[in-house]
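Let's take a walk through this model together, stopping wherever the backbone or the packing has something to show. Keep the viewer open as you read.

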Amino acid sequence: MSVDNFRLQILANHCTAAAEAMGYTLMRTAYSTFVKETEDFSAQLLTPSGKTFASPKTFGATWYTGLDYGRVIAMFDDYREGDIYLTNDPYSGHVATHTPDMHAWKPVFRGGKLVCFIGTHIHNTDMGGAVPASLSRTLTEVHQEGLRIPPMLLMRDGVIDKKLLRILQVNVRMPEQNQGDLNAQIAALNVGERKVHEIIDRFGVEEFMQGAEAILDYAEQQTRALIRDIPDGEYTFSEYADEDSVGGYPCRIHMTLRVRGDSLELDFTGSDPQVASSLNVPTGGDQHHSVITVGLIYVLHTLAPHNVLNAGTVRPMNSVLPEGSVVNPHAPAAVGMRSLMAAVIQACTFGVFSRALPDRLPACPAGGSTLLNVKTATRAGRQVLASIGPCGGGGGGGPKYDGVEGCGANNAFLKNTPVEINEAEVPIEIIRYGLVPDTGGAGQLRGGNAATMEFKLLAPNGVVTARNRNRSELAAWGVLEGRAGANSRFTKNPDSDRAEELRNSDLVNCAPGDVIRLQGPAGGGYGHPYDRPAEAVLEDVRCGFVSIQRARDAYGVVVRHERVCDNSPSAAASKQGDARARKRLVLDEVATRQVRTDRHDSGDHFDYGPGRSKFESIWTAERYDAMTKIMADLPVSWRHFVKHQMFAALADTTPPADGGASDINKIYVELTERYAELPPLSSIDNQTTMSR
């Protein structure tokens with residue numbers, strides 16, 4: 001029996017509504033701010049093999065559209081009605097990707113037949129480990145990142161494994177909060193089970209199960225049709241995190257996009273080796289892993305907003321994820337900051353598709369959204385550990401619209417936490433929370449401005465964790481003559497003689513009265529700034545998005561104040577008046593035409609900003625490619641060390657005209673002479689001998 005398209009659409013709507021009901025249950029019953037306010041959770045309906053065929057569209061976490069529970073589901077063969085399983089271990093089944101993410105799944109039976117699974121995940125604020133909130137760039141092994149629970153049974157016959165709960169409670173900093181969030185997950189799973197039975201009551205078991213597969217097939221068909229509109233070819237792009245470790249060097253994601261007919265490949269060969277920090281992405285080599293494909297799903301949704309999104313969407317692609325690289329690390333590499341690298345992967349995906357479709361995709365969104373947590377104590381001595389929300393920057397300008405202000409398109413659409421909630425739950429005072437003018441990349445379509453948050457700690461022994469700090473050096477790029485966005489900033493005690501620039505630090509000890517100011521990065525611009533209508537620039541100035549000075553310097557638009565004569569009786573009665581009320585901002589059209597005649601076109605598709613331009617003036621593509629080729633042949637334990645040795649050796653050097661690949665080979669030979677345990681590479685020896 002096949003499901004006709006009309007009934008299939010109705011079935012798909014019911015399934016999405018079921019997943020939405022699960023999501024609302026999670027949001028309304030969770031304990032932690034990060035779940036109930038920021039909405040870092042997911043809910044899925046899964047086929048018996050574990051493929052997501054329905055998920056919410058209106059909540060904060062959008063990474064999990066293509067989530068596959070298949071590997072963890074296959075670890076068990078005795079599923080019973082009422083069972084609930086869970087895991088948060090990044091290296092067991094590769095569904096969870098860092099320890100705070102607790103995934104739970106439940107089988108649904110009808111008439112003794114397994115018809116589907118339902119799944120949820122939440123981000124726990126803390127899972128124990130070396131630092132509050134469990135995650136920091138400073139950590140080097142997954143064992144430091146908190147309690148790990150391998151895939152295991154949580155509930156059978158309606159009875160929770162209390163021994164497992166006890167282990168959880170004694171390993172985390174806020175056990176009541178974790179327990180409350182887990183209860184919310186269980187409630188969501190029960191709601192999902194009930195909703196599935198309601199759907200089956202209407203459609204029947206066979207139509208429901210066949211429909212679930214047909215929904216996946218339909219998404220695949222739509223994606224293949226979309227890919228056929230992309231010109232066949234091979235396209236490359238690189239994107240970087242600022243640092244591969246504390247005080248380290250940039251970490252590269254390199255991607256080669258191959259488009260062939262109605263299928264494509266994302267090849268990550270040339271990306272950095274796994275790093276001695278927590279930026280690694282634990283994919284287990286899964287070519288459809290959700291962290292790897294989320295950028296692709298964003299691109300496909302940008303190109304065709306009405307297409308269905310589920311695990312079938314990514315079937316027409318495969319990815320190449322080299323073993324021992326930052327996108328496929330070996331255990332026990334730390335992985336807590338995988339979301340930082342996920343944002344870099346997404347930006348790289350946007351860049352490589354911008355090469356393939358230069359006029360259809362926007363500039364780079366800000367990325368680098370910082371997730372802030374505060375650990376301190378109340379006046380009564382009660383320990384507090386809470387998220388106070390993400391703080392990032394705007395979206396990239398696009399072919400039709402300016403970038404969204406303050407919340408870039410790859411922030412997973414996490415929600416901000418209201419100031420009142422933060423101040424009620426944590427002893428802090430929010431001093432400022434808003435947008436930063438002049439930060440969005442200039443362009444015909446302007447990049448979205450950065451957000452800023454400033455707060456004062458009111459209690460002693462405070463620790464602020466700022467997960468995903470990035471883009472202090474390497475900005476979000478602009479396209480088609482659009483300019484790069486502004487970098488992020490992170491400051492302790494700004495505007496004082498104790499001011500300290502923290503750059504990408506993510507762990508800050510604070511005393512009462514200390515002030516933390518965070519400014520996110522901003523989105524890149526699209527198109528030449530001089531092509532932006534002068535009236536639109538004037539409106540930007542009036543709205544406070546762009547200053548008068550930047551309007552002239554970046555957009556070639558001259559805006560000035562014009563005095564307004566007010567002859568009303570009320571104005572005459574007040575000799576002082578309000579100076580601002582008697583002036584208005586106007587466009588100086590003559591001066592604007594004169595300034596805009598001095599137009600400069602670079603001819604470059606991308607504007608990377610000064611930080612990346614300086615970096616790539618030393619680290620050319622030839623040098624970087626030569627280094628990563630050497631890394632691929634080294635034992636994993638040597639790779640991060642050798643990379644740092646090479647970066648140190650080439651600091652402030654000028655590459656030769658051929659890009660300097662031979663420099664890398666010579667440095668490696670010198671390293672093998674210095675370190676006896678470092679294996680020689682015959683291919684490099686041969687190349688170096690010939691060059692001499």
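**A tour of the predicted model**

N493 sits in the loop that connects β18 (489-492) to β19 (500-501). Keep in mind that this is a predicted model, and then look at the backbone there: the phi of N493 is near 55 degrees, a positive value in a residue other than glycine. Most residues other than glycine have a negative phi, and most peptide bonds are trans. Is N493 buried or exposed? With a relative accessibility of 5%, N493 falls under the 20% cut-off, so N493 counts as buried.

D157 makes a good partner for that stop. D157 is not a glycine either, and its phi is positive at about 55 degrees. D157 also belongs to a loop, the one between β6 and β7 (159-160). Here the relative accessible area is 59%, which is over 50%, so D157 is exposed.

Next comes a peptide bond to check. A331 and P332 are joined by a cis peptide bond, with omega at about 10 degrees. P332 is placed in the loop between β11 (317-320) and α8. Now hop over to E141, in the loop between β5 (113-123) and β6 (152-156). Which residues does E141 touch, leaving out those up to four places away in sequence? They are P332, A333 and A334, so the cis proline is among the contacts of E141. E141 has a relative accessible area of 37%, between the 20% and 50% cut-offs, and is therefore partly exposed. Another pair to pick out is E141 and P90: they are 51 residues apart along the chain, and their C-alpha atoms are separated by 12 Å.

Helix α5 lets you do a quick sanity check on geometry. It runs over residues 175-203, which makes 29 residues, and at 1.5 Å a residue it should span 42 Å. The C-alpha atoms at its ends are 42 Å apart, so the model agrees with the expectation. Right after α5 comes G204, with a positive phi near 90 degrees.

Now for the packing. The largest nonpolar core has 70 residues, and I253, L257, F268, M341 and F353 have the most contacts inside it. Several elements each supply at least two residues of this core, including β4 (101-110), α6 (205-227), β8 (233-241), β9 and α7 (290-303). Which helix gives the most to this core? That is α8, with eleven residues. F353 is in contact with I230, L257, L264, L266, L296, V299 and L361, once its neighbours within four places in sequence are left aside. There is also a second, separate core of 51 residues, and A30, I118, L182 and A311 are among its members.

Two residues let you look at some of these elements one by one. I292 lies in helix α7, and its relative accessible area is 0%, so I292 is buried. Not counting residues up to four places away in sequence, I292 touches F268, T283, S319, L321, V327 and I345. For a long-range pair, take I292 and K643, which are 351 residues apart in sequence and 24 Å apart in space, C-alpha to C-alpha. T256 is in strand β9 (residues 251-260), and at 8% relative accessibility T256 counts as buried. Its contacts beyond four places in sequence are E234, Y235, T236, E265, L266 and D267.

Finally, the empty space. Rolling a probe the size of a water molecule over the atoms shows where empty space is left. The second largest pocket holds about 420 Å³. It is lined by 17 residues, and Y249, P250, K614, F615 and I618 are the closest to its centre. Helix α14 (residues 609-618) gives the most to this lining, with four residues. By class, the lining has nine nonpolar, two polar and six charged residues.

Closed spaces turn up too: there are five cavities of 30 Å³ or more. About 80 Å³ of space lies in the second largest one, and β12 (370-377) and β16 (462-467) are the elements that give two or more residues to its lining. Among the lining residues are F34, H123, N124, L371, N373 and R467. What is the make-up of this lining by class? Four residues are nonpolar, six polar and one charged.

Methods. Residues numbered from 1 in each chain as written. Predicted model: local features only at pLDDT ≥ 70, side-chain atom pairs only at ≥ 80, totals over all residues. Heavy atoms only, no water. Buried < 20%, exposed > 50% of the residue type's maximum accessible area, 1.4 Å probe, protein only. Contact = heavy atoms within 4.5 Å. Expected span 1.5 Å × (residues − 1). 1 Å grid on protein atoms, 1.4 Å probe; cavity = no way out; pocket = protein on both sides within 12 Å on 5 of 7 lines; lining within 4 Å. Points joined across faces, edges and corners; volume = space filled by probe spheres on them. Nonpolar A, V, L, I, M, F, W, Y, C, P; charged D, E, K, R; others polar. Core = buried A, V, L, I, M, F, W, Y, C linked by side-chain atoms within 4.5 Å.
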